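Reader: I would like a close look at one part of this protein, its cysteines, and then at what else can be said about the surroundings. Please take your time over the answer.

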Amino acid sequence: MAEEHLTAAQQAELLQAAEEARKNAYAPYSHYQVGAALLTASGRIYTGCNIENASYGATICAERVAVAKAVSAGEKDFVALAVVADSTQPGSPCGICRQFLVEFAPQLLLIMGNLQGQVKVGRLDQYLPSAFN
């Protein structure tokens, strides 16, 4: 089961890092702030927040910011990703982010949370079956 790949403490650490990253989000249009924390096989955690733009196509999601930071630092082996948003249900990566993530880790552990403390855990391949590759 996906939850067994990380301890509860590791999952909590990633959720906390994602929640902290969320505070830096630039979301003047949607007001929907998202934070992400990506754990790599080296043990490093890369965080990201969503950055909106008046030209919506130029907006970048928190998950892709975290991946871009990791890849630009030479990391391409991803273990888990936590996403936190202020939503009624735990935040989930959008379709573009799912496709972006599957490029590197089709079975990536996803830890999705919200500010109310709800958490949902699954694997990327469950959220993007039959991914384009």
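Reader: Why is the sulfur of Cys-97 not in a bond with the closest cysteine sulfur, and in which residue does that closest sulfur lie?

Author: The model is a predicted one, and what follows should be read with that in mind. The cysteine sulfur closest to that of Cys-97 belongs to Cys-61, and because the two atoms are 3.7 Å apart, they are too far from each other for a bond. A disulfide would need the two sulfur atoms to lie within 2.5 Å. Cys-97 itself is buried, its relative accessible area being 0%.

The structure as a whole holds zero disulfides, and Cys-94 is likewise in none, with the nearest cysteine sulfur, that of Cys-97, lying 3.7 Å away. Cys-94, however, counts as partly exposed, at 32% relative accessibility, whereas Cys-97 is buried.

Cys-61 leads on to the largest pocket, since Cys-61 is among the residues that lie nearest the centre of that pocket, together with Tyr-32, Val-34, Asn-50 and Glu-63. The lining comprises 15 residues in total, and the elements that give two or more residues to it are helix 2 (62-72) and strand 3 (78-85). By character, the lining residues divide into nine nonpolar, four polar and two charged, and the volume of the pocket is about 200 Å³.

Turning to the aromatic rings, a search of the whole structure finds three pairs. In one of them, Phe-78 and Phe-104 have ring centres 5.4 Å apart and planes at 50°, so this pair is tilted. The pair links distant parts of the chain, with Phe-78 in strand 3 and Phe-104 in the loop between helix 3 (95-102) and strand 4 (109-114), 26 residues apart. Phe-78 is buried, with a relative accessible area of 6%, while Phe-104 is partly exposed at 27%. Phe-100 joins these two residues, Phe-78 and Phe-104, in one aromatic cluster.

As for charged contacts, the count of salt bridges comes to two. In one, the side chains of Lys-23 and Glu-20 meet at 2.8 Å, N to O; Lys-23 is exposed, with a relative accessible area of 54%, and Glu-20 counts as partly exposed at 38%. In the other, Arg-123 pairs with Asp-125, their closest N and O atoms being 3.0 Å apart, and here Arg-123 is partly exposed at 26%, as is Asp-125 at 23%.

How values were computed:
Residues numbered from 1 in each chain as written. Predicted model: local features only at pLDDT ≥ 70, side-chain atom pairs only at ≥ 80, totals over all residues. Heavy atoms only, no water. 1 Å grid on protein atoms, 1.4 Å probe; cavity = no way out; pocket = protein on both sides within 12 Å on 5 of 7 lines; lining within 4 Å. Points joined across faces, edges and corners; volume = space filled by probe spheres on them. Helix = DSSP H or I, 4+ residues; strand = E, 2+ residues; numbered from the N terminus. Nonpolar A, V, L, I, M, F, W, Y, C, P; charged D, E, K, R; others polar. Buried < 20%, exposed > 50% of the residue type's maximum accessible area, 1.4 Å probe, protein only. Phe/Tyr/Trp six-rings, centres within 6.5 Å; stacked < 30°, edge-to-face > 60°. Salt bridge = Lys/Arg side-chain N within 4 Å of Asp/Glu carboxyl O.
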